[in-house]
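This report looks at side-chain pairing, cysteine geometry and empty space in one protein. The structure comes first, and the computed description follows.

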Amino acid sequence: MCPACSRLHAGDTYHLVRAGILGGKNVPTAVRTHPRLFVTLTAPSFGPVHRAGELCRPRRDGGTCEHGRPLGCGAVHAPDAAIVGQPLCPDCYDYAAHVLWHAHASKLWDRFVIDVRRRLASAAGLVQSHFARHARLSFARVAEYQKRAAVHVHAVVRLDGPNGPADKPPAWSTPDQLIGAVYASARRVFVRTPYSPAVGELTLRWGAQVDARPLRTNGDGPDDDAVAAYVAKYITKGASETGAGLDHALSAWADIESAPVSEHVRTLMRTCWRLGGLPEYAPLRLRDWTHTLGYRGHILTKSRAYSTTYAALRAERVHHVGHTDIPGAVTERHWRYVGSGHTPGAALIAAGVAEDMALNRTVAAESLRAGGDAA
């Protein structure tokens, strides 16, 4: 999207996320007293990659993998170094699992949310199917590509009463209880891929790195506005800007070979394309999502009752602009056809430019002929 639209979209996202944290935009301010978490879920490891920091991957015993490449790296990489996120051994890296995890990440999130509800119900002594009568779990999540080109998820998770943000959450709900459910569900849920003779059947889970922090109410925890600003900033980044894919779909294998991406990302694209040709993976439409490395979800998703919507924010902006007097603005309500093409003065300039270009072509052609005759 263009810079102007990008700024508007980032502003809308900021207000959408912030309203779900602090209230506003038809969301009651009482939500700031509800249990609220900032949750981070990561992808699992598909093989060791180079890392930025003091030492990349030190190993005392050295050693090499079965392909003859070092198992460790004792270098210190800058955060913006091109090697950060690249596999130590591309032949050992599980590219098929990486792509298939992306393709099932949205389903894994859905199962995570369902399991969090179930665990909250069990902790409160409720029948799991009766959870919706007592509380509602609301969220807004954003997907972000890491340096290794694997998606991880940031989410604002909030616990409301059964009717949404205007309803007081049940007495038994606390941030600690919500944190416990998040950690337990992140370790427990999984998705199985369809069986393939080429890959087998994979069991896909969240990575070991899980973080859940209560949002600040009395000076502790992440700052509410900082969380909203972070989500809004990332939402306007394209896949090309993150270094993990492209912003447009690919239509042929040749498009992969000519894409301006790292070799690691190119191999992920090739894997998407190859797996997408297998009948068992046809429902995943991997070739359609080669440019995002198999990830099929939206960058930002939210539950229905989390806060306002993009449509409501845009309608409010249109209404505001339509009822605001802008100094110096002139409104013309009657239009008439004036003409098309150059003005008389511009036509003379254009004719002069065309004449100069024709003369230059003639001189260049004569110079070439003269050079040929001299030879």
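A disulfide is defined here as a pair of cysteine sulfur atoms within 2.5 Å. The model is predicted, so local features need pLDDT of at least 70 and side-chain atom pairs count only at pLDDT 80 or more, while totals for chains, interfaces and linings use all residues. Residues are numbered from 1 along each chain as its sequence is written, and side-chain values use heavy atoms, with hydrogens and water left out.

**Cysteines**

A search of the whole structure finds zero disulfides. The sulfur of Cys 73 has its closest cysteine sulfur in Cys 56, at 3.9 Å, which is too far for a bond. For Cys 65 the closest cysteine sulfur is that of Cys 89, and the distance of 3.6 Å is again too far for a bond. Accessibility is described with three classes, in which buried means under 20% relative accessible area, exposed means over 50%, and partly exposed lies in between (1.4 Å probe, protein chains only). On that scale Cys 65 is buried at 13%, and Cys 73 is buried at 14%.

**Overall make-up**

The protein holds nine helices and seven strands, where helices (H or I, at least four residues) and strands (E, at least two) are DSSP runs numbered from the N terminus. Of its 375 residues, 41% are buried. Contact means heavy atoms within 4.5 Å, and among contacts between residues at least 6 apart in sequence, 67% join residues at least 24 apart.

**Salt bridges**

A salt bridge is counted when a side-chain nitrogen of Lys or Arg lies within 4 Å of a carboxyl oxygen of Asp or Glu, and by this rule the count comes to ten. Three of the pairs are set out below with their N to O distances and the relative accessibility of each partner.

| Acidic partner | Basic partner | N to O distance |
|---|---|---|
| Asp 61 (60%, exposed) | Arg 59 (40%, partly exposed) | 3.5 Å |
| Asp 91 (49%, partly exposed) | Arg 69 (30%, partly exposed) | 2.8 Å |
| Asp 211 (25%, partly exposed) | Arg 213 (46%, partly exposed) | 2.8 Å |

The side chains of Asp 91 and Arg 69 meet in a salt bridge at 2.8 Å. This pair links distant parts of the chain, since both Asp 91 and Arg 69 are placed in the loop between β1 (36–41) and α2 (95–123), 22 residues apart. Asp 211 and Arg 213 also meet in a salt bridge at 2.8 Å. Elsewhere, salt bridges that share partners join Glu 257, Glu 263, Arg 266 and Arg 270 into one network.

**A buried aspartate in α2**

Asp 115 lies in helix α2, and with a relative accessibility of 5% it counts as buried. When its neighbours within four places in sequence are left aside, Asp 115 is in contact with Ser 185, Arg 188 and Val 189.

**Pocket and cavity**

Rolling a probe the size of a water molecule over the atoms shows where empty space is left. Here the search runs on a 1 Å grid over the protein atoms alone: a cavity is a set of points where a 1.4 Å probe fits but cannot get out, a pocket is an open set with protein on both sides within 12 Å along at least five of seven lines, and lining residues have an atom within 4 Å of a point. Grid points are joined across faces, edges and corners, and a volume is the space filled by probe spheres set on the points.

The largest pocket has a volume of about 420 Å³. It is lined by 21 residues, of which Val 49, Arg 51, Gln 146, Arg 148 and Gln 209 are the closest to its centre. For the chemical classes, Ala, Val, Leu, Ile, Met, Phe, Trp, Tyr, Cys and Pro count as nonpolar, Asp, Glu, Lys and Arg as charged, and the others, Gly among them, as polar. By these classes the lining of the largest pocket divides into nine nonpolar, eight polar and four charged residues.

What lines the largest cavity? The structure holds one cavity of 30 Å³ or more, and the largest cavity has a volume of about 40 Å³. Its lining consists of Trp 109, Phe 112, Val 113, Val 116, Leu 137, Phe 139, Val 157 and Val 182, which divide into eight nonpolar, no polar and no charged residues. Helix α2 gives the largest share of this lining, four residues, and α2 and β2 (136–145) each supply at least two.
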